[in-house]
Amino acid sequence: MRQGKKIFWTICKYSILILLAYQLLYPVLYMISGSIKAPTDSYDPSVIWIPKHYSLVGYIDAFKSMKYISALFGSLLIGLGCSVFDIISCALAGYGFARYNFPFKRLLFVCVIATLVVPTQTIILPYYLNMRYFNMFGLFSVLSKITGKDLSANLVGSNIAFYLPSIFGAGIRSGLYVYIFKQFFSGMSGALEEAAYVDGCGPLKTFLHIMLPNAKNAIVTVFLFSFVWHFDDYYITKQLLGTKRRTLIVALSSLRVDLAALIGGQTTTDPIRIQTRILAGCLLAILPMFILYVIAQKQMADSIEHIGIK
Amino acid sequence: MKIPYYTKKKIYGFMFVLPWLIGFIAFFLVPFAESCIYAFQNLETTKEGLKGTYTGFSNFRYAIFRDTDFIVECVSSLKNLVTIPLIIVYSICFALLLKGEYPGRTLMRAVAFLPVIIGSGVLMDIMKTDIFSKGVISGGNETVVLFSSNGLSGLFQAMGLPERIIAFINTVISKIFDLTWKSGVQILLFLAGLHNIPSYAYEAADIEGANAIEKFFKITLPLLTPMIILNVVYSVIDMFSDFGNTIIRMIYDTAFVNVKFGYASALSILYFLMIAVVLAIVYLVLNRFVIKSEV
């Protein structure tokens, strides 16, 4: 009886999972199927998912026209760098908000949320100008008054333009990361910190040695979000990268135009041939994030067993 | 001179927040303030670049009293708030499904993360033009149309159900489809939250003889409340600031297509104030229910 009930629940669970998986995987399956179809199959009504003739020409063309290796390198540098800086700055701020009381704390936390609410589009113009004529929070302009030279730096096109906001917890959706860390830290028990304080640990040491290792789940979550959102971002990246370099997503957005230049004009009039290449390009752009997620989510599961043993 | 412990603690707390505060002022407050100044001007592109003269509150007055679309769109976007409880319930359930140990869990987790990867920006645009529209149009393919509402409505018509019920089921199904694509972030946050619930709480409950439902309502849900409020706040923000949102599109078009930066800034400030009011209400109501962990 008990056995039967268990089997019933397992079947229920798996059927729900398969249903959900199908729905979420549908676009990816479509991309895979569409990207390996040979042109002749696109006109064949009997071919639905599994093509009769394979062709990898879509991948090769997309790879070439996106300049995949250099674009991937650009994306990874921005994604990994920003996510690491985001983790550091937002964990510090989140810990401050969770554990300490200081004047204007509530107002400042409202400001954290406010950064999330204001859409980037509304501040992109002054934001861009800030990076184009960067003057170190007004410091350079004071210095240039003294020396008489224009010291403002052009950060557009360099990775510093992406790292700098992240270092100061103002990257893409940083407010959310601060909030995530705050929720995690305030959920943790205060006993460990008190013990550390009694043993003579300073606040920074307590934070680094006691709190941060215990917040591994929050770190993994923030890392994933920050990486994916910096990797996926189009508006800010496009503005700040300038014209010389490209990330995968920027390359993907102009793939349709670039393909026309690569394989000649006749393909642009043929939507199906261009589509196989665009779908291949999409898959190539998703792949790095997908791999990273599979690696990172293992960390999330492991950390818990570790704490459980303690 | 000796600084008292509590003052010291205040200073420490402030030091932790300081890096963020610098970034907030430099990369958010200053650009935002500049954008606010635009709202009181009628900016125009001239040969020397952007030029504006001070026009007082005329942009705001125009948006509230004369623009036929803005207020109407704001009100209709408020109606979307109804879906937030659905998103929360759905993502808690999905996160619970993802938490347990079973074969194929890694794959399932990776699949659940797909909406986060795809759901933003360029990829979503390509999907909308190339994939979703395709699936609905190219009729004959059964598996594809199963989840687009066309396939099912045909089935229900064959079963002889009345029109109104079919229409209702159709909207429900398309809502569920939306739901799965909007809850990627929430699922991951809940998953992390679930993992942070200490296992000894469950062990103790097992010894006391609690069943699964009791464990969920007495342990999981209370300890998940900080994550629930975080997710509600995030869902509200996501709903209002998503680029697919009509008002965001309207602001963007006003600024970059019609080149009326001043008016666009005024619109975004009004919109921002509306979201702030909604968030304040949601936060104040929900924060009463947050349970601080003492385990």
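The exercises below, each with a worked solution, deal with a predicted model and its chains A and B.

**Exercise 1. Chain A in outline**

Task: State how many helices and strands chain A has, and what percentage of its residues is buried.

Solution. Begin with the secondary structure: chain A has 16 helices and zero strands. Next take burial: of the 310 residues in chain A, 52% are buried. Then turn to the surface: chain A has an accessible surface of about 14,800 Å², and carbon and sulfur atoms account for 69% of that. Last, consider how far contacts reach along the sequence. Among contacts in chain A between residues at least 6 apart, 71% join residues that are at least 24 apart.

**Exercise 2. The contact between the chains**

Task: Describe the contact between chain B and chain A by its residues, its buried area and its polar pairs.

Solution. Step one is the residue count: 92 residues of chain B and 97 residues of chain A take part in the contact. Step two is the area. About 8,900 Å² is buried between chain B and chain A, with 77% of it from carbon and sulfur atoms. On the side of chain B, the residues that lose the most area to chain A are Phe16(B), Trp20(B) and Phe27(B), which together give 11% of what that side buries.

Step three is to look for polar links. Between chain B and chain A there are zero salt bridges, while six residue pairs are in polar contact, both residues at pLDDT 80 or more. Step four is to ask which element contributes. Helix H1 (residues 5–39) of chain B supplies 22 residues, the largest share of the side of chain B that touches chain A. Sorted by class, that side of chain B holds 66 nonpolar, 16 polar and 10 charged residues.

**Exercise 3. Salt bridges**

Task: Find the salt bridges in the structure and say where their residues lie.

Solution. Start from the principle: side chains of opposite charge can pair when their charged atoms come close. Over all chains, the structure has three salt bridges.

- Arg277(A) and Asp61(A) form a salt bridge through their side chains, at 2.7 Å from N to O. Because Arg277(A) is in helix H16 (residues 271–309) of chain A and Asp61(A) is in helix H3 (residues 57–65) of chain A, the pair ties together parts 216 residues apart in sequence. Buried means under 20% relative accessible area; Arg277(A), at 5%, is therefore buried, and Asp61(A), at 7%, is buried too.
- Glu193(A) and Arg99(A) form a salt bridge whose closest N and O atoms are 2.5 Å apart. This pair links distant parts of the chain, 94 residues apart, with Glu193(A) in helix H10 (residues 191–198) of chain A and Arg99(A) in helix H4 (residues 68–99) of chain A. Glu193(A) has a relative accessibility of 12%, so Glu193(A) counts as buried.
- Lys215(B) and Asp206(B) form a salt bridge at 2.8 Å, N to O. Here Lys215(B) is buried at 18%, whereas Asp206(B) is partly exposed at 45%.

**Exercise 4. Residues of chain B**

Task: For Leu191(B) and Ser91(B), give the helix, the burial and the contacts.

Solution. Take Leu191(B) to begin with. Leu191(B) sits in helix H10 (residues 184–195) of chain B and, at 1% relative accessibility, counts as buried. Leaving out residues up to four places away in sequence, Leu191(B) touches Met300(A), Ala95(B), Leu98(B), Lys99(B) and Arg109(B). With Lys99(B), the sequence separation is 92 residues, and the C-alpha atoms of Leu191(B) and Lys99(B) are 6.7 Å apart.

Now take Ser91(B). Ser91(B) belongs to helix H4 (residues 83–99) of chain B and is buried, with a relative accessible area of 0%. With residues up to four places away left out, Ser91(B) touches Ser183(B), Gln186(B), Ile187(B) and Phe190(B).

**Exercise 5. Arg132(A)**

Task: Is Arg132(A) buried or partly exposed, and which residues does Arg132(A) contact?

Solution. Place the residue: Arg132(A) lies in helix H6 (residues 120–132) of chain A. Then read its accessibility: the relative accessible area of Arg132(A) is 27%, so Arg132(A) is partly exposed. Neighbours within four places in sequence aside, Arg132(A) contacts Ala153(A), Asn154(A), Leu155(A) and Val156(A). Finally, compare sequence and space: Arg132(A) and Tyr197(A) are 65 residues apart in sequence and 45 Å apart from C-alpha to C-alpha.

How values were computed: Residues are numbered from 1 along each chain as its sequence is written. Chains are lettered from A and ligands numbered from 1 in the order in which they are written. This is a predicted model: local features need pLDDT of at least 70, side-chain atom pairs count only at pLDDT 80 or more; totals for chains, interfaces and linings use all residues. Side-chain values use heavy atoms; hydrogens and water are left out. Contact means heavy atoms within 4.5 Å. Buried area is the accessible area (1.4 Å probe) that two parts lose on being put together, summed over both. A salt bridge is a side-chain nitrogen of Lys or Arg within 4 Å of a carboxyl oxygen of Asp or Glu. A polar contact is a pair of N or O atoms within 3.5 Å; within protein, one must be able to donate a hydrogen and the other to accept it, and residues adjacent in sequence count only if both atoms are side-chain atoms. Helices (H or I, at least four residues) and strands (E, at least two) are DSSP runs, numbered from the N terminus. Ala, Val, Leu, Ile, Met, Phe, Trp, Tyr, Cys and Pro count as nonpolar, Asp, Glu, Lys and Arg as charged, and the others, Gly among them, as polar. Buried means under 20% relative accessible area, exposed over 50%, partly exposed in between (1.4 Å probe, protein chains only). Accessible areas come from the Shrake-Rupley method with a 1.4 Å probe; for residues, only the protein chains shown count as cover.
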